[in-house]
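Q: I'd like a close look at the odd spots in the backbone of this model, and at the packing around them. Could you walk me through that part?

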Amino acid sequence: MKAVVISLALAAVIAFPALALEGEIDVDATPSATLVPMGPPGSSLVQAEATRMTSQLAVSGHVSPADSLTASGTAWGLLDTLPDYNPLDVPGNRLALSSRLLQADVSWQIIPGELIWDTGKQIIHPSSGFFRTPLNLISRGAAGNVPQQIPAAAPQWEEGWIGTRFLWIVGDVSFEDFFAPRLVWSSDVDSALGYVTSQQDDFLDQVRIQAHVGGVDLQAVGLLSTGGPGSPDPAIHGQAGLGVDTNIGDRLTVRGEASLADSLSRLTVTDPVLLTTTSQDVPWVVRAMAGLTWSISTKTSLILEYGYDGLGFAGSAYADAIQYSRNRMEAGGSAPDVLGQFGSFQAGQHYAFARLARNITDLLTAQGWVEVNLQDPSAMDGVGLSVTNDGWGLSGSITNTWGGSGTEAGASPFLWQLDIELKLFF
Amino acid sequence: MKRIIVIALPLVLLSARVLSAQAPAEILAQSDQLRTIDNMSFQVNLSSYDGSQVTDTVKLWGSLKIGQDHNRVLMYFVEPASDRGRKLLVDGDAVYLLFVRTTNPIRLSPLEVLTGQASDGDVVRTFARDYDIESMSDGTQDGKPAYHFSLAAKESVGDTSYKRVQLWVEKSTLRLLYAEFYAASGVLLKKAYYRDYRQAMGKDVPFTVEVFAGDDAGKRTVMSFDKVGRRTLPATEFARSYLSSWNPEPPQ
């Protein structure tokens with residue numbers, strides 16, 4: 001079935017020779033070290049190494065059959081040697097294939113430059129944040145959960161949402177509405193359709209208003225979602241957010257965002273010793289981000305960001321989550337993962353991020369970054385070097401964690417990761 | 001296909017002579033106007049050199065919209081393949097970059113560079129609206145009689161990439177010949193030579209701009225327009241919210 005889906009995708013590409021095509025192949029080798037129990041649960045932890053190899057292919061194309069009409073799409077495939085990315089749980093079938101149509105839509109400029117109607121699969125990303133994105137109210141994360149060299153919130157490859165969008169631009173103000181239907185199907189159907197598109201659990205409607213006022217960009221975003229009849233969560237939920245970004249002088253861009261959700265659920269610890277958890281609804285979740293990018297020179301830039309997430313743990317709940325995760329690791333990792341339920345290094349409420357990048361030459365870039373959990377404090381940092389030429393790029397990075405056993409870094413099995421990536425562009 | 005409309009050069013020369021008796025501000029405005037095409041569409045190549053070695057090349061398609069308060073430029077990265085599909089909007093002092101397969105353009109500082117020594121604003125730059133004239137004197141450039149302008153960025157203008165500019169404008173044609181760009185500290189950031197003037201869309205356009213690093217004469221970026229035409233796009237297309245919907249086309 002996989003072969004049929006891939007063949008159909010390739011045939012579609014070949015059938016439209018007028019398509020302007022571009023693509024990218026990424027081959028990634030990621031040796032990493034994690035802590036695992038030496039023997040049965042409760043035994044001491046030892047370092048274990050594993051290497052994940054991923055090969056990704058993405059092909060994008062667009063065609064304009066008429067002046068006001070554009071069709072575009074991006075197909076993506078992944079060959080993965082270690083899909084779970086966890087040496088504790090190496091799957092039997094170590095070579096896994098996954099694929100998605102990340103984006104595919106038709107755009108009609110009803111009034112050119114003023115009123116646009118897009119229908120199809122679209123990526124919806126209103127946030128301007130680098131490592132925290134409070135205004136990305138709907139997000140699916142990285143396709144294939146492929147490791148990234150820096151902890152940017154927006155992954156390199158992400159699957160969009162099937163829906164329809166209207167965009168109306170009046171002067172320096174724009175109004176946008178995106179609606180996505182609920183799309184669910186049986187697991188049998190999903191075994192084939194899952195190679196093309198993911199299911200959508202809720203009806204979504206997101207409104208976005210943007211304005212450019214006196215050099216300042218302002219935006220407001222509102223989202224209503226509901227699972228509707230037959231859904232495990234049929235209730236209507238709302239989220240709203242505000243964002244601003246602007247320049248100060250010729251070297252500084254600053255940005256800030258805040259969002260509010262009426263209710264979000266999380267897995268919380270009930271007993272850190274017995275390793276029991278429960279699902280908890282958190283009312284009125286606030287998320288916020290403030291950051292800046294400073295162009296120190298034409299070759300060097302510094303990003304600083306602070307992120308707050310009200311869905312993260314604080315106080316005794318945070319201490320319980322850390323103790324639970326430490327006990328879970330020593331027990332062999334069979335209990336639910338509370339620490340990593342939102343992603344890597346996101347279990348607390350307060351984080352800071354810094355990234356310094358320098359273009360050593362026109363082709364060679366070096367960067368270093370650090371992400372700090374302000375509640376511990378523990379940290380995750382990395383350094384990297386990348387060479388990008390016309391048709392290829394080669395980059396390497398090392399990521400490390402810092403913190404005692406009572407910190408988020410210390411309670412995570414992750415120790416370090418090397419990442420060597422070759423990119424080919426065509 | 002390059003579409004260039006040739007206008008008789010004597011008309012340009014005649015108008016320049018009339019201007020010679022006018023105020024410095026009018027001369028500078030006329031110089032801007034003579035070489036700037038509203039609704040210009042273009043294809044430009046940017047090649048960066050370190051000594052004689054080419055270190056980077058970029059090919060862009062672009063469109064220019066002259067506004068009452070500031071210019072707006074849309075640019076699309078055609079080459080290299082590693083950058084293909086990126087879109088850039090320069091909206092006065094605001095610069096937005098949209099990466100491939102993303103939908104929200106990120107805001108950059110005006111100091112961000114396109115490649116080598118050339119910044120986004122260098123591709124199409126005018127001076128009269130954004131700078132106050134501190135002085136105008138007689139000078140020469142490449143042996144040609146020239147007006148030498150000393151400019152300072154207007155307080156009211158946000159684009160402060162270069163706080164001070166020295167310009168040399170050829171007296172007989174009002175062609176911009178040479179410019180030096182300085183930071184607020186007085187440090188020379190870059191020098192630019194404007195060459196290969198050709199008639200396009202009724203304007204006298206420098207088809208080659210050679211930009212040198214202020215602190216290293218061996219580092220330079222050559223911007224060469226190889227297609228210049230006119231395509232009128234709605235003003236609303238020069239907006240951040242439109243960038244992901246913009247469907248770039250090669251210049252006419």
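A: Here is a walk through the backbone oddities, with the overall build and the cores for context. Keep in mind that this is a predicted model.

Let's start with the cis peptide bonds. In chain A, the bond from Asp376(A) to Pro377(A) is cis, and its omega sits near -5 degrees. Pro377(A) belongs to the loop that links β15 (364-373) with β16 (378-388) of chain A. Chain B has a cis bond too, running from Glu79(B) to Pro80(B), with omega near 5 degrees. Look for Pro80(B) in the loop between β3 (72-79) and β4 (87-91) of chain B.

Next come the positive phi angles. Trp284(A) is not a glycine, yet its phi is positive, near 50 degrees. You'll find Trp284(A) in a strand, β12 (residues 276-295) of chain A. As for its surroundings, Trp284(A) counts as exposed because it has 10 C-beta neighbours inside 10 Å, and the cut-off for exposed is 12 or fewer.

Over in chain B, Asp142(B) also has a positive phi, about 55 degrees, and again it isn't a glycine. Asp142(B) sits in a loop, the one between β9 (131-141) and β10 (144-153) of chain B. With 11 C-beta neighbours inside 10 Å, Asp142(B) is counted as exposed.

Now for the packing. The largest nonpolar core has 59 residues, and the members that touch the most others are Val165(B), Leu167(B), Val169(B), Leu177(B) and Ala179(B). Take Val165(B): setting aside neighbours within four places in sequence, Val165(B) is in contact with Phe127(B), Tyr131(B), Leu151(B), Ala179(B), Glu180(B) and Phe181(B). Apart from that core lies another one, made of 12 residues, including Phe130(A), Ala154(A), Tyr351(A) and Phe353(A).

Finally, the frame that chain A provides. Chain A contains 3 helices and 18 strands. Its C-alpha atoms fill a box of roughly 70 × 60 × 50 Å along the principal axes. A compact globule of 426 residues would have a radius of gyration near 22 Å, and chain A has 22 Å, so the two agree. Buried residues make up 35% of the 426 residues in chain A. If you count the contacts in chain A with a separation of 6 or more, 55% of them are between residues 24 or more positions apart.

Technical notes: Residues are numbered from 1 along each chain as its sequence is written. Chains are lettered from A and ligands numbered from 1 in the order in which they are written. This is a predicted model: local features need pLDDT of at least 70, side-chain atom pairs count only at pLDDT 80 or more; totals for chains, interfaces and linings use all residues. Helices (H or I, at least four residues) and strands (E, at least two) are DSSP runs, numbered from the N terminus. The radius of gyration is taken over C-alpha atoms; the globule rule is 2.2 Å times the number of residues to the power 0.38. A residue is buried if 20 or more other C-beta atoms lie within 10 Å of its own, exposed if 12 or fewer, and partly exposed in between; C-beta atoms are placed from the backbone. Two residues are in contact if their C-beta atoms, placed from the backbone, lie within 7 Å. A nonpolar core is a set of buried Ala, Val, Leu, Ile, Met, Phe, Trp, Tyr and Cys residues joined through C-beta atoms within 7 Å.
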